[in-house]
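Trainee: I should like to understand how the terms used for a protein model are justified. May we go through some of them in turn?

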Amino acid sequence: MMSAGAVGAGMPTQVTLDDLAMMAATDENHRYELSSEGVLSVGPSADPEHALLVSCMFAWFLTNGYGPEQVVTDCGIDVGGGRVPDLTVWADGMPPRPARSSYAGVAGLLLAVEVVSRGSEIVDRVIKKVEYAKAGIPRYWIIERDTVVTVHRHVLNIDTGEYESDENGPQPITWLLTTVPELS
């Protein structure tokens with residue numbers, strides 16, 4: 001077992017996306033992300049409920065005609081920092097490709113989905129929403145783990161560079177999974 005002091009002493013002064021990828025590759029018990037300002041976040045791996053929600057969304061997209069090269073879980077993306085959305089959906093023929101590191105650029109990225117977990121609330125609801133909009137990702141969905149599991153869908157307003165709530169408002173995931181996904 002390594003002490004917290006040993007981990008901190010071994011940290012680089014400034015963490016790059018390559019450093020981040022190396023940390024993530026060597027530690028299956030934590031998720032590592034880096035804000036565009038260089039703030040390192042370390043969180044626990046997904047719990048079973050979180051993983052099940054991502055799996056349901058993944059299956060929903062596949063069942064509705066999206067290919068496995070389009071629907072990707074836990075794919076690191078370069079948004080000026082390194083983020084790892086729970087699920088990403090890519091344009092047909094434009095799967096994730098490395099950008100300035102092993103993290104994928106956002107070319108072809110249609111949708112980023114985050115499942116909110118305890119400890120990630122502010123990051124998922126506020127910080128990532130701003131970062132993803134700034135990176136030009138057309139859609140951002142936030143799945144709240146409330147009593148009905150609510151999906152908040154946001155669409156990027158090109159003029160303002162900010163996300164606006166979907167005109168139909170938040171919906172329970174049970175409703176969403178009975179519809180056909182429309183990302184165009």
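Mentor: We shall take several terms and set each against its definition. Please keep in mind that this is a predicted model.

Trainee: Why is isoleucine 127 called partly exposed?

Mentor: Isoleucine 127 has a relative accessible area of 34%. Buried means under 20% and exposed means over 50%, so isoleucine 127, at 34%, is partly exposed. This residue is found in helix 4, residues 121–134.

Trainee: What makes Ile122, Val126 and Ile127 a patch?

Mentor: They form a nonpolar patch on the surface, with about 260 Å² of accessible area together. Patch residues must have over 30% relative accessible area; isoleucine 127, with 34%, meets that cut-off.

Trainee: How do you know that strand 7 pairs with strand 8?

Mentor: Two strands pair if there are at least two bridges between them. Five bridges join strand 7 to strand 8 (residues 139–144), so the two strands pair, and they run parallel. Within this pairing, alanine 112 stands opposite tyrosine 140 of strand 8. The chain passes from strand 7 through helix 4 to strand 8 in a right-handed β-α-β crossover.

Trainee: What joins strand 6 to strand 7?

Mentor: Four bridges join strand 6 (residues 87–90) to strand 7, and these strands run antiparallel. Here threonine 88 has alanine 112 as its bridge partner in strand 7.

Trainee: Why is strand 7 called mostly covered?

Mentor: Buried means under 20% relative accessible area. Six of the seven residues of strand 7 (residues 109–115) are buried, so the strand is mostly covered.

Technical notes: Residues numbered from 1 in each chain as written. Predicted model: local features only at pLDDT ≥ 70, side-chain atom pairs only at ≥ 80, totals over all residues. Heavy atoms only, no water. Patch = residues over 30% accessible without salt bridge, like charges linked within 9 Å, V, L, I, M, F, W, Y side chains within 5 Å. Areas by Shrake-Rupley, 256 points an atom, 1.4 Å probe, with all protein chains shown as cover. Salt bridge = Lys/Arg side-chain N within 4 Å of Asp/Glu carboxyl O. Buried < 20%, exposed > 50% of the residue type's maximum accessible area, 1.4 Å probe, protein only. Right-handed = clockwise from strand over helix to strand, strands pointing away.
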